[in-house]
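Thanks for coming, everyone. I would like to walk through one model today, going from the overall fold to the sheets, the helices that cover them, and the cores.

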Amino acid sequence: MRIILYTGKGGVGKTSVAAATAVRCAELGYRTIILSTDAAHSLADSFDIAIGKEPIELAPKLWGQEIDVLYQMDKYWGTVQAYFRSILQWRGVDELIADEVSVLPGMEELASLLQIVYLAESKKYDVIIVDCAPTGETLKLLSLPEVARWYLTHIFPAERMAMRLASPFMRNFTDIPMPDDQVFETIKELIQQLDRMHKLLSDTKTSSVRIVLNPEKMVIRESQRTFTYINLYGFACDLIVSNRVLSDSVTDIYFAALKEAQARYGQLITESFTPVPIFQVPFLDQEVVGLAMLQRVATILYGAQDPSRVFYEGQPQEIVKNGAGYLLKMNLPFASKEDVHLTRAGDELAISVGNFRRNTILPRALAALTVQKAKMEEGKLVVSFA
């Protein structure tokens with residue numbers, strides 16, 4: 001089984017690329033499902049077919065689903081949300097506002113992503129393709145299970161027992177709503193589900209994240225940040241898709257400046273994501289809507305290759321704790337220390353090795369620190385932050 005998540009900034013054509021991939025996988029004989037976890041679904045528009053909250057068949061061996069966020073929230077968070085809502089209302093917060101703010105940040109995206117676990121465990125599909133919400137923040141949320149697992153092991157049992165003992169006495173002094181066993185059971189079940197999801201998506205032989213971008217400065221910077229967090233949290237990125245690239249056949253003088261800018265930013269894309277493969281999709285003369293156009297995009301993008309294969313194995317960079325600081329390790333085979341030059345500008349680190357250049361966006365933990373030293377170690381550049 002393969003799980004492929006497509007992410008990227010809003011408006012880059014991520015849904016079209018994900019849908020085209022799903023179409024090609026189904027044509028190759030894989031039982032394929034594509035689901036959208038974006039609250040503003042556009043999957044149905046891409047296929048030009050009505051798609052609902054349950055999987056429906058779109059073509060032979062191809063199914064589609066647009067996640068119902070309200071349903072998923074009620075399923076995984078409903079009991080806890082009801083308790084939070086009662087606390088807020090007890091404090092005099094308006095019922096409608098209490099209902100809105102009782103949802104913790106990120107819970108909607110996480111509840112949607114939990115559907116991946118259900119589909120994977122159903123054994124009904126060979127390939128699961130996910131059109132993620134258009135933000136790299138979703139990937140940060142996937143690190144929550146590591147914290148949640150510690151909480152569930154060390155704090156949760158004591159907290160639950162303390163509440164059980166205190167509740168009878170508290171009711172004699174206050175009418176504040178007290179959590180019952182059902183609230184604690186819901187939290188426990190949710191954390192266990194998140195843990196299963198994290199294990200599934202961090203299995204690099206099963207799951208990959210693919211970034212879709214356009215050759216534009218703001219889009220590339222956000223994609224760099226997403227790429228950093230993919231590596232930071234131990235997920236695998238096996239492909240970058242540069243979409244809406246003007247082809248050489250476009251010679252109109254009106255597009256000359258845009259072509260020049262795209263060529264410049266194309267070089268930046270190479271510097272930012274190498275050695276991960278970068279595939280291109282040209283700016284097409286028709287809107288990508290319907291099966292025929294999705295098949296056309298798939299042919300351009302993958303040629304004769306199987307889209308479900310792992311295009312790149314390993315992590316180009318990793319960040320590890322080192323005493324009070326951190327180490328950034330980056331694969332630079334065949335380079336010597338004398339060849340390497342570092343340039344730092346805010347949260348951006350540029351590495352030059354001869355004619356090769358690599359740009360990376362530092363996570364917040366490193367952006368606030370100073371580069372202490374750099375060295376080559378077994379084909380890796382190791383940068384110390386302190």
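What follows is a short tour of this chain.

Please keep in mind that this is a predicted model, in which local features need pLDDT of at least 70 and side-chain atom pairs count only at pLDDT 80 or more, while totals for chains, interfaces and linings use all residues. Residues are numbered from 1 along each chain as its sequence is written, and side-chain values use heavy atoms, with hydrogens and water left out.

The chain comes to 13 helices and 15 strands, taken as DSSP runs numbered from the N terminus, with helices being H or I of at least four residues and strands being E of at least two. Of its 386 residues, 47% are buried, meaning under 20% relative accessible area with a 1.4 Å probe, protein chains only.

Let me turn to the sheets. One is an open sheet of 8 strands with mixed pairing, in the order β3-β4-β2-β5-β1-β6-β7-β8, where two strands pair if DSSP finds at least two bridges between them. Its edge strands, β3 (56–59) and β8 (278–282), each pair on one side only. At the β3 edge, 3 bridges link β3 in the antiparallel sense to β4 (residues 62–66), and Glu 57 stands opposite Trp 63 in β4.

The other open sheet I want to show has 4 antiparallel strands in the order β9-β10-β15-β14. Here β9 (317–322) and β14 (371–377) each have a single partner strand, so one side of each is left without a neighbour in the sheet. Between β14 and β15 (residues 380–385) there are 6 bridges, and Lys 373 stands opposite Ser 384 in β15.

Now the helices. Helix α12 lies across β1, β3, β6, β7 and β8, at about 140° to β8, with angles running from 0 to 180 degrees between N-to-C directions and axes being lines fitted to C-alpha atoms, for helices over the stretch in contact. Helix α1 (residues 14–27) packs on α12 (residues 291–302) at about 85°, with the axes 8 Å apart, which makes the two helices roughly perpendicular, the class for 65 to 115 degrees.

Finally, the cores, each a set of buried Ala, Val, Leu, Ile, Met, Phe, Trp, Tyr and Cys residues joined through side-chain atoms within 4.5 Å. The largest nonpolar core has 81 residues, and Tyr 6, Phe 47 and Met 197 are among those that touch the most other members. A second, separate core of 13 residues includes Val 340 and Phe 385.

How values were computed:
Parallel < 35°, antiparallel > 145°, perpendicular 65-115°, else oblique. Buried < 20%, exposed > 50% of the residue type's maximum accessible area, 1.4 Å probe, protein only. Contact = heavy atoms within 4.5 Å.
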